[in-house]
Amino acid sequence: MKKAYRVARTGLARFLFTALRPRQAIVIIMDAHALNLEFSSRSSKISLSKIKSAEINTGWFWSRIRLRYDRKEAVVSGLSPKDAQTFVKALEDARVDWWLRTLASQIEILNSVCDRLAQLEDPPEYLRLSIFNALRHDAQSIAGQFTVHWPSSLSDTLEIQRLRTVLDFLQDPEHFRSKTNTTFIGNELERSQELFDRIEKRPLTEEQRKAVVVDDDRNLVIAAAGSGKTSVIAAKAGWLL
């Protein structure tokens, strides 16, 4: 959208609805980024990214537009039915354009986050805290650019599907990390079974094996004397090599 789009009460509605609906908007001005609602004594700006829906209610002579956004709503009434229909269509086109432009500007990091999340379905290594924090930071950076109120016409696009993946991850990232590492530990215990069976005179216990394959940035093993800490250290070195 190159130019601002404006819709307002006209004719008798300008006077009638000012008296009957003093709290409702009189004029809506839309540009490529936001809606500006003008009231009798104030104005309000709403980012296109926050618009959830725009509904038209038509009476005998005039129509009204009800905007829902950020758990709020705003109404402008006293519009001609034609103006209301034209504006709502233009608003939807502007929303689609905003989402496509913004998604395109963030596609590199969006793809990076989703590719990393997909790789962790079958994790090649333990998800260390430093790597996890970097992933969460990038995911939060992406999510901060958007709301969940994308235009329905974009719901099946690859970009929105990837955005959904990021938002799902951010619902409970700690659970995701725990699940990822549980999967890695299970796979690695099976893959390294022969090493753990033969690294010492006696096969390592289940607890010793887990102490070896848990490979976070910092690892602390607490055990009593004679419980096999040295065996764990030897196995850890062999496993890392």
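Two strands are taken as paired if DSSP finds at least two bridges between them. By this criterion, in the predicted model, strand S5 pairs with strand S6 (residues 63-69) through seven bridges, the two strands running antiparallel. One position in this pairing is Asn57, which stands opposite Arg64 in S6.

S5 and S6 belong to an open sheet of three strands, with the order S5-S6-S7 and antiparallel pairing. Strand S5 (51-58) and strand S7 (72-79) are the edge strands; each has a single partner strand, so one side of each is left without a neighbour in the sheet. From one strand to the next, the twist averages 15 degrees. In a regular strand, side chains alternate between the two faces of the sheet. Helix H2 (residues 81-105) lies across S5, S6 and S7. The direction of H2 is at about 165 degrees to that of S5. An angle over 145 degrees counts as roughly antiparallel.

Further strand pairing involves S2, S3 and S4. Strand S2 (residues 27-30) is joined to strand S3 (residues 34-38) by four bridges in the antiparallel sense, and Ile28 has Leu37 in S3 as its bridge partner. The two strands form a hairpin, with three residues between S2 and S3. S3 also pairs in the antiparallel sense with strand S4 (residues 43-47), here over five bridges. Within this second pairing, Ala34 is the bridge partner of Ser47 in S4. The connection from S3 to S4 is again a hairpin, which passes through four residues. S3 thus takes part in pairing with S2 and with S4.

The remaining contact described here is between two helices. Helix H3 (residues 107-119) packs against helix H4 (residues 129-143) at an angle of about 140 degrees, and their axes are 10 Å apart. H3 is therefore oblique to H4. The crossing of these two helices is left-handed. On the H3 side, the contact is made by Ile109, Leu110, Val113, Arg116 and Leu117. These residues meet Ala134, Leu135, Asp138, Ala139, Ser141 and Ile142 in H4. By residue class, the contact of H3 with H4 comprises eight nonpolar residues, one polar residue and two charged residues.

Notes. Residues are numbered from 1 along each chain as its sequence is written. This is a predicted model: local features need pLDDT of at least 70, side-chain atom pairs count only at pLDDT 80 or more; totals for chains, interfaces and linings use all residues. Side-chain values use heavy atoms; hydrogens and water are left out. Axes are lines fitted to C-alpha atoms, for helices over the stretch in contact, and angles run from 0 to 180 degrees between N-to-C directions. Contact means heavy atoms within 4.5 Å. Angles under 35 degrees count as roughly parallel, over 145 as roughly antiparallel, 65 to 115 as roughly perpendicular and the rest as oblique. A crossing is left-handed if the near helix is turned anticlockwise from the far one by less than a right angle, and right-handed if clockwise. Ala, Val, Leu, Ile, Met, Phe, Trp, Tyr, Cys and Pro count as nonpolar, Asp, Glu, Lys and Arg as charged, and the others, Gly among them, as polar.
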